[in-house]
Amino acid sequence: MVCRMFRIETEVDKGRRDLLRSRLRDTNTAASPVLAALRGTPGAREVPLHVWALDEAGGLAGGLVGHTWTTWLHVTYLWVDAAHRGTGLGSHLLAKAEHLARTDRACTAARLETWDFQAPRFYEKQGYEVVCVIPDYPPGITEYTLVKRLPVR
C-alpha cells in the first residue's frame, strides 16, 4: 500500500505550490516538443492584459482582465456596470483587448469561460464559438468555454 510510505498533508503551502508548478512545467516541457520549443521565448510568459472604462467622475464603468500566453488571449473577467449595459461598452472592451492581443502580442485566438446566466449569447454575437459545456458547474449552473480565431490584419 503506497500511502504507508508517505505523510499526506492538506494545508495551503505557496512554496510547495510553486515547486509543484515548476516541476510540472519541466515534465510537460520534456514530454512535448511544442512546449520545449516555446520554453525561454517571450511567448512562454503569461503577460497581463487589462482594459478599463471610466465614467466622467473617474469611477469604474467596466473592465476586462485577462492575459496573453503563446498566441492566445485568455479573458478572465469582463464586467460592465448595470447603468452602462446595452450601450456597447462590453463589445468595445472585448474588441479593444482582442486588438491589443492581436497587434501588440501576435495573438491569433482568444478563449474565455462564462456561465449560462452571464453572457454566452453575447460572446457568440462577438464571434466566439462554444467548444465545451459543463453542466452543474457549480450545481444548477452550466459553464461554457468559448474560443475565437482573431483575424490577421
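The legends below accompany several close-up views of a predicted model.

**View 1. The sheet and the order of its strands.** In this predicted model, 6 strands form an open sheet, and reading across the sheet gives the order β1-β2-β3-β4-β6-β5, with mixed pairing. Strands β1 (47-54) and β5 (129-134) stand at the edges, and because each has a single partner strand, one side of each is left without a neighbour in the sheet. From one strand to the next, the twist averages 20°. Helix α3 (residues 89-105) packs on this sheet, where it touches β1, β2 (60-69), β3 (72-80) and β6, and the direction of the helix makes about 145° with that of β1.

**View 2. The hairpin of β2 and β3.** Strands β2 and β3 pair in the antiparallel sense, and 8 bridges are found between them. Within this pairing, Gly-62 stands opposite Val-80, a residue of β3. The hairpin has 2 residues between its strands, and in it Thr-70 takes a positive phi near 50°. As a guide to viewing any such strand, the side chains of a regular strand alternate between the two faces of the sheet.

**View 3. Strand β4 and its two pairings.** What is the sense of the pairing between β3 and β4, and over how many bridges does it run? These two strands pair in the parallel sense over 4 bridges, and Leu-73 has Ala-110 in β4 as its bridge partner. Strand β4 (residues 109-115) also pairs with strand β6 (residues 143-149), here in the antiparallel sense and over 7 bridges. In this second pairing, the bridge partner of Arg-111 is Val-147, which belongs to β6.

**View 4. A nonpolar patch on the surface.** Trp-52, Leu-54, Leu-60 and Trp-79 together make a nonpolar surface patch of about 450 Å². One of these residues, Leu-60, is found in strand β2. Leu-60 has a relative accessible area of 45%, and it is therefore classed as partly exposed, a class that lies between the limits of 20% and 50%.

**View 5. The surroundings of Asp-81.** Asp-81 is found in the loop between β3 and α3, and at 27% relative accessibility this residue counts as partly exposed. Leaving aside residues up to four places away in sequence, Asp-81 touches Leu-60 and Ala-61, and the first of these contacts leads back to the patch of the previous view, to which Leu-60 contributes. A wider view may also take in Gly-40, which lies 41 residues from Asp-81 in sequence and 40 Å from it in space, C-alpha to C-alpha.

**View 6. Salt bridges among residues early in the chain.** The structure holds 9 salt bridges, and this view shows some of them. In general, side chains of opposite charge can pair when their charged atoms come close. The side chains of Glu-9 and Arg-7 meet in a salt bridge with an N to O distance of 2.7 Å; Glu-9 counts as partly exposed at 33% relative accessibility, whereas Arg-7 is exposed, with a relative accessible area of 69%. Arg-16 forms a salt bridge with Asp-13, and the closest N and O atoms of this pair are 3.5 Å apart. Both partners are classed as partly exposed, Arg-16 at 45% relative accessibility and Asp-13 with a relative accessible area of 28%.

**View 7. A salt bridge between a loop and a helix.** Which residue meets the side chain of Arg-39 in a salt bridge? The partner is Asp-26, at 3.0 Å from N to O. This pair links distant parts of the chain, since Arg-39 is in the loop between α2 (33-38) and β1 and Asp-26 is in helix α1 (residues 14-31), the two being 13 residues apart. Arg-39 is partly exposed, with a relative accessible area of 39%, and Asp-26 is partly exposed as well, with a relative accessible area of 37%. Elsewhere, salt bridges that share partners join Arg-7, Glu-9, Glu-11, Asp-13 and Arg-16 into one network.

**View 8. Asn-28 in its helix.** Helix α1 also contains Asn-28, which counts as partly exposed at 33% relative accessibility. Asn-28 and Thr-76 are 48 residues apart in sequence, and their C-alpha atoms are 24 Å apart in space.

Technical notes: Residues numbered from 1 in each chain as written. Predicted model: local features only at pLDDT ≥ 70, side-chain atom pairs only at ≥ 80, totals over all residues. Heavy atoms only, no water. Pairing = 2+ DSSP bridges. Axes fitted to C-alpha atoms, helices over the stretch in contact; angles between N-to-C directions. Contact = heavy atoms within 4.5 Å. Patch = residues over 30% accessible without salt bridge, like charges linked within 9 Å, V, L, I, M, F, W, Y side chains within 5 Å. Areas by Shrake-Rupley, 256 points an atom, 1.4 Å probe, with all protein chains shown as cover. Salt bridge = Lys/Arg side-chain N within 4 Å of Asp/Glu carboxyl O. Buried < 20%, exposed > 50% of the residue type's maximum accessible area, 1.4 Å probe, protein only.
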